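The following exercises concern the packing of helices and the burial of selected residues in a single protein chain. Each task is followed by a solution in steps.

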Amino acid sequence: FMRLGSSDGLHQTDPAPNTIPARVPRAGLAVVLWILLAVTLLLGVGLGSSSVPLETIFSALHKGIFQGILGQSLTPLENIVWEMRLPRAILGLLVGSSLGIAGASYQGLFRNPLADPYLMGVASGGVLGVTVAFVLHAAFTWIPAFAFVFAFGSVLLTLFLAQQRGQISTLRLILAGVVVGSVVLAISSYLSLIRADLVREVTAWTLGSLTFGSWAKIGSILPYWAIGTALLWGLARPLNTLQLGEATAHSLGVPVTRLRWTVILASTLLTAAAVSYAGIIGFVGLMTPHILRRLIGANLSRLLPLSALAGGVFLLLADILARVIARPTELPVGLLTTLLGGPFFLYLLRKQS
């Protein structure tokens, strides 16, 4: 198990960092993503069961930010913008950003474009942790801790089952992740069935939704996002070195074992936090890094921050579609990302085979 990620312990299914040339200037792509982020934030706040005019959005932002100074009260529509839609949009940004950079980190660590928090059973383990926290009547502040413990246990079990003579193939990794994810979701469903009052909450977490967004929850998820993102971004260069093989990385002074476990812990922390506040939202960490890798190359120093940004934009767009497709009802955003990501995953799987 400790050889996980070594050059002789994996079938390399993705090229090394510098073998995929950048097709789009990194700075230009970053500018485009920041513009898309601003546009999707405005759309996410303005669209829903009913549309909000642009001037009302800016008025709500102005009054909300300077409410303590100006003493102006918000109108009912402005209050909806400030207290409901804006926190929801920011939560979607943080969750999508967490899943995007976690997926890119898993793919870089395992040198496998199919590695993803959803497919490796990490998200399912997080849902089981949330369910256990509900059963034990744990305070909400403890839910991310429960999600992290069970998510970390799930990824360890997936990696253990995927091994064969010190090697981890793409097929075994996918099969192990599917099995572990299915088993832990079954346990979660069983716990919710014996506690009928939990069925609705657990189902909502399983389908994935951003309706739980609030300023209080943003404040509580922000430290997990900041710590996990900073750790992974700081490890981008050592991860690039690891792509050249474990022996080369050792010769260049990279502490491979410590690097490996730090990446797994930080990625699992981000995924567990995302699951704690939004439920299972699949394939964000699979699609965004893969698409960006084809645009800017596989250098993780560039790929990780842009994957975080693109993940946030993608989830915001998915949430907007989930709200407007069947208005006035609303689809679970996790259901929509799965419908979009499933065909993409099958395309990647066929391409890799």
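**Exercise 1.** Determine how helices H4 and H13 are oriented towards each other, and which residues make their contact.

*Solution.*
Step 1. In this predicted model, the axes of H4 and H13 come within 7 Å and cross at roughly 65°.
Step 2. Angles from 65 to 115 degrees count as roughly perpendicular, and H4 and H13 are therefore roughly perpendicular to each other.
Step 3. The handedness of the crossing of H4 and H13 is right-handed.
Step 4. On the H4 side, the contact is made by Gly-96, Leu-99, Gly-100, Gly-103, Ala-104 and Gln-107. On the H13 side, the partners are Val-284, Gly-285, Leu-286, Thr-288, Pro-289, His-290 and Arg-293.
Step 5. Sorted by class, the contact of H4 with H13 comprises five nonpolar, seven polar and one charged residues.

**Exercise 2.** Carry out the analysis for H4 and H12, and state the class composition of their contact.

*Solution.*
Step 1. H4 spans residues 76-110 and H12 spans residues 256-278. Their axes lie 9 Å apart, and the packing angle is about 150°.
Step 2. An angle over 145 degrees counts as roughly antiparallel, and H4 and H12 are therefore roughly antiparallel to each other.
Step 3. H4 and H12 cross in a left-handed sense.
Step 4. From H4, the residues in contact are Leu-91, Val-95, Ser-98, Leu-99, Ile-101, Ala-102, Ser-105, Tyr-106 and Leu-109. They meet Arg-260, Val-263, Ile-264, Ser-267, Thr-268, Leu-270, Thr-271, Ala-274, Tyr-277 and Ala-278 of H12.
Step 5. The contact of H4 with H12 has 13 nonpolar, five polar and one charged residues.

**Exercise 3.** Is Thr-268 buried or exposed, and which residues does Thr-268 touch beyond four places in sequence?

*Solution.*
Step 1. Thr-268 belongs to helix H12.
Step 2. The relative accessible area of Thr-268 is 0%, so this residue is buried.
Step 3. Leaving aside residues up to four places away in sequence, Thr-268 touches Tyr-106, Val-122, Phe-148, Ala-151, Phe-152 and Val-155.
Step 4. Thr-268 is also among the H12 residues that meet H4.

**Exercise 4.** Characterise the packing of H5 against H8.

*Solution.*
Step 1. H5 covers residues 122-135, and H8 covers residues 199-207.
Step 2. The axes of H5 and H8 come within 10 Å and cross at roughly 165°. That makes H5 roughly antiparallel to H8.
Step 3. The crossing of H5 and H8 is right-handed.
Step 4. Val-127, Val-130, Thr-131 and Phe-134 of H5 are in contact with Glu-201, Val-202, Trp-205 and Thr-206 of H8.
Step 5. This contact of H5 with H8 divides into five nonpolar, two polar and one charged residues.

**Exercise 5.** Examine the backbone and burial of Arg-111 and Phe-283.

*Solution.*
Step 1. Arg-111 sits in the loop between H4 and H5. Its phi is near 50°, a positive value in a residue other than glycine.
Step 2. Arg-111 has a relative accessibility of 4% and therefore counts as buried.
Step 3. Phe-283 sits in the loop between H12 and H13, where phi of Phe-283 is near 75°, again a positive value in a residue other than glycine.
Step 4. With 6% relative accessibility, Phe-283 counts as buried.
Step 5. Gly-342 in helix H15 (residues 333-352) is 59 residues from Phe-283 along the chain, with 7.6 Å between their C-alpha atoms. Gly-342 counts as buried because its relative accessibility is 18%, and the cut-off is under 20%.

**Exercise 6.** How far apart in space are Phe-110 and Tyr-190?

*Solution.*
Step 1. Phe-110 is located in H4 and counts as buried, at 2% relative accessibility.
Step 2. Phe-110 and Tyr-190 are 80 residues apart in sequence, and their C-alpha atoms are 33 Å apart.

**Exercise 7.** Assess the confidence of the model, and identify where pLDDT stays under 50.

*Solution.*
Step 1. The mean pLDDT of the protein is 84, and 90% of its residues reach 70 or more.
Step 2. Over residues 1-19, pLDDT stays under 50. For these residues, the model has 57 contacts beyond four places in sequence.
Step 3. Where pLDDT is low, predicted coordinates should not be read in detail.

Note on methods: Residues are numbered from 1 along each chain as its sequence is written. This is a predicted model: local features need pLDDT of at least 70, side-chain atom pairs count only at pLDDT 80 or more; totals for chains, interfaces and linings use all residues. Side-chain values use heavy atoms; hydrogens and water are left out. Axes are lines fitted to C-alpha atoms, for helices over the stretch in contact, and angles run from 0 to 180 degrees between N-to-C directions. Helices (H or I, at least four residues) and strands (E, at least two) are DSSP runs, numbered from the N terminus. Angles under 35 degrees count as roughly parallel, over 145 as roughly antiparallel, 65 to 115 as roughly perpendicular and the rest as oblique. A crossing is left-handed if the near helix is turned anticlockwise from the far one by less than a right angle, and right-handed if clockwise. Contact means heavy atoms within 4.5 Å. Ala, Val, Leu, Ile, Met, Phe, Trp, Tyr, Cys and Pro count as nonpolar, Asp, Glu, Lys and Arg as charged, and the others, Gly among them, as polar. pLDDT is the predictor's confidence in each residue, from 0 to 100. Buried means under 20% relative accessible area, exposed over 50%, partly exposed in between (1.4 Å probe, protein chains only).
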